[in-house]
Amino acid sequence: MSTAVANDRLVKRFEKWDTDGNGVLEASDFQGEAARIAQNLGKSADSPEVQELHSAFQGLYEHLAQKAGVPGGAISREQFLAATGELLFKEGEASFNRALSPIVKALISLCDDNHDGEIDAREFQAWLSAVGVPVSQAGQMFQKVDRNGDGKLSEDELLQVVRDFHFGRLEVDLLG
Ligand SMILES: [Ca+2]
Ligand SMILES: [Ca+2]
Ligand SMILES: [Ca+2]
């Protein structure tokens, strides 16, 4: 594991999620990111899946603000790096999964056109466009995420890849 790579990815994550670019993360930034994803997918803002995504991002914001010691307030870059670093490197897998699984679940709901609870290759393209990742390597990425090779991405497989990406173990970014 490379801590430098992991840190670099958290800095990029901070910049991506600071949707209004004012240098701190507020609840409105997380709502902005949820709205951007919904818009990329052409989903109506009042659909249940989009509401679920908004709640998931709100929950993550509250969790991180709490960890950073600024509940309800603005999270600075340093506070974000400390809070997410702790989540990744000190608390371990279970905490990371608890914090991120609502977002992964909401993204599955948004992209799961055939309602089987998993993401197939075609649905995966929608996922990548939604989060703003170029779809040119979708095929190759799909194979890396699909660990059991059944042609579908389960919640566990998706969550594991989000985690591995932030640990610097894998070059597949599922959150853009
Ligand atoms: Ca901001
Ligand atoms: Ca599906
Ligand atoms: Ca699979």
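This report covers the calcium sites, the internal cavity and the largest pocket of a predicted model.

## Calcium ion (ligand 1)

The calcium ion (ligand 1) takes its protein donors from D18 (OD), D20 (OD), N22 (OD1), V24 (O), E26 (OE), D29 (OD) and D29 (OD). These donors lie 2.2 to 2.8 Å from the ion. D29 appears twice in the list, each time through OD. V24 contributes its O atom. In sequence, the donor residues follow the spacing D-x1-D-x1-N-x1-V-x1-E-x2-D.

Two of these donor residues can be placed by accessibility. V24 has 22% relative accessibility, so it counts as partly exposed. D29 has 0% and therefore counts as buried.

## Calcium ion (ligand 2)

For the calcium ion (ligand 2), the protein donors are D112 (OD), N114 (OD1), D116 (OD), E118 (O), E123 (OE) and E123 (OE). They sit 2.2 to 2.6 Å from the ion. The donor residues are spaced D-x1-N-x1-D-x1-E-x4-E in sequence. The site is irregular, with angles of 52 to 159 degrees among its six donor atoms. For reference, ideal octahedral angles at a metal are 90 or 180 degrees.

D112 is buried because its relative accessible area is 7%, under the 20% limit. D116, at 34% relative accessibility, counts as partly exposed.

## The loop between α5 and α6

E118 belongs to the loop between α5 and α6 (121-131). E118 gives its O atom to the calcium ion (ligand 2). The side chain of E118 has a partner of its own: it reaches the backbone nitrogen of S154 at 3.3 Å. With a relative accessible area of 18%, E118 is buried.

H115 lies in the loop between α5 and α6. Its relative accessible area is 65%, so H115 is exposed. The backbone of H115 also stands out: phi is near 55 degrees, a positive value in a residue other than glycine. Most residues other than glycine have a negative phi.

## Calcium ion (ligand 3)

D146 (OD), N148 (OD1), D150 (OD), K152 (O), E157 (OE) and E157 (OE) coordinate the calcium ion (ligand 3). The distances run from 2.2 to 2.6 Å. Here the sequence spacing of the donor residues is D-x1-N-x1-D-x1-K-x4-E. The six donor atoms subtend angles of 52 to 155 degrees, so the arrangement is irregular.

D150 counts as partly exposed, at 39% relative accessibility. K152 also counts as partly exposed, at 29%.

## The cavity

The model has one cavity of 30 Å³ or more. The largest cavity holds about 130 Å³ of space. Its lining is made of 14 residues. L10, T84, F96, L100 and H166 lie nearest the centre. The elements that give two or more residues to this lining are α1 (3-17), α3 (48-67), α4 (77-91), α5 (93-111) and α8 (155-167). Helix α4 gives the most, with four residues. By class, the lining has 11 nonpolar, two polar and one charged residues.

T84 is one of the residues nearest the centre of the cavity. T84 lies in helix α4. At 8% relative accessibility, T84 counts as buried. T84 and P71 are 13 residues apart in sequence. In space they are 15 Å apart, C-alpha to C-alpha.

## The largest pocket

The largest pocket contains about 170 Å³ of space. V133, P134, S136, Q137, Q140, M141, K144, F165, E171, V172 and D173 line it. Helix α7 (residues 138-145) supplies the largest share of this lining, three residues.

The lining of the largest pocket divides into five nonpolar, three polar and three charged residues. Among the nonpolar lining residues are V133, P134 and M141. The charged ones include K144 and E171.

Note on methods. Residues are numbered from 1 along each chain as its sequence is written. Chains are lettered from A and ligands numbered from 1 in the order in which they are written. This is a predicted model: local features need pLDDT of at least 70, side-chain atom pairs count only at pLDDT 80 or more; totals for chains, interfaces and linings use all residues. Side-chain values use heavy atoms; hydrogens and water are left out. Donors are N, O and S atoms within 2.8 Å of the metal (3.2 Å for Na, K and Ca); water is not among the atoms, so sites may look incomplete. Buried means under 20% relative accessible area, exposed over 50%, partly exposed in between (1.4 Å probe, protein chains only). On a 1 Å grid over the protein atoms alone, a cavity is a set of points where a 1.4 Å probe fits but cannot get out, and a pocket is an open set with protein on both sides within 12 Å along at least five of seven lines; lining residues have an atom within 4 Å of a point. Grid points are joined across faces, edges and corners, and a volume is the space filled by probe spheres set on the points. Four donors count as tetrahedral if all angles lie between 85 and 135 degrees; four count as square planar and six as octahedral if opposite donors are over 155 degrees apart and all others between 65 and 115; anything else is irregular. A polar contact is a pair of N or O atoms within 3.5 Å; within protein, one must be able to donate a hydrogen and the other to accept it, and residues adjacent in sequence count only if both atoms are side-chain atoms.
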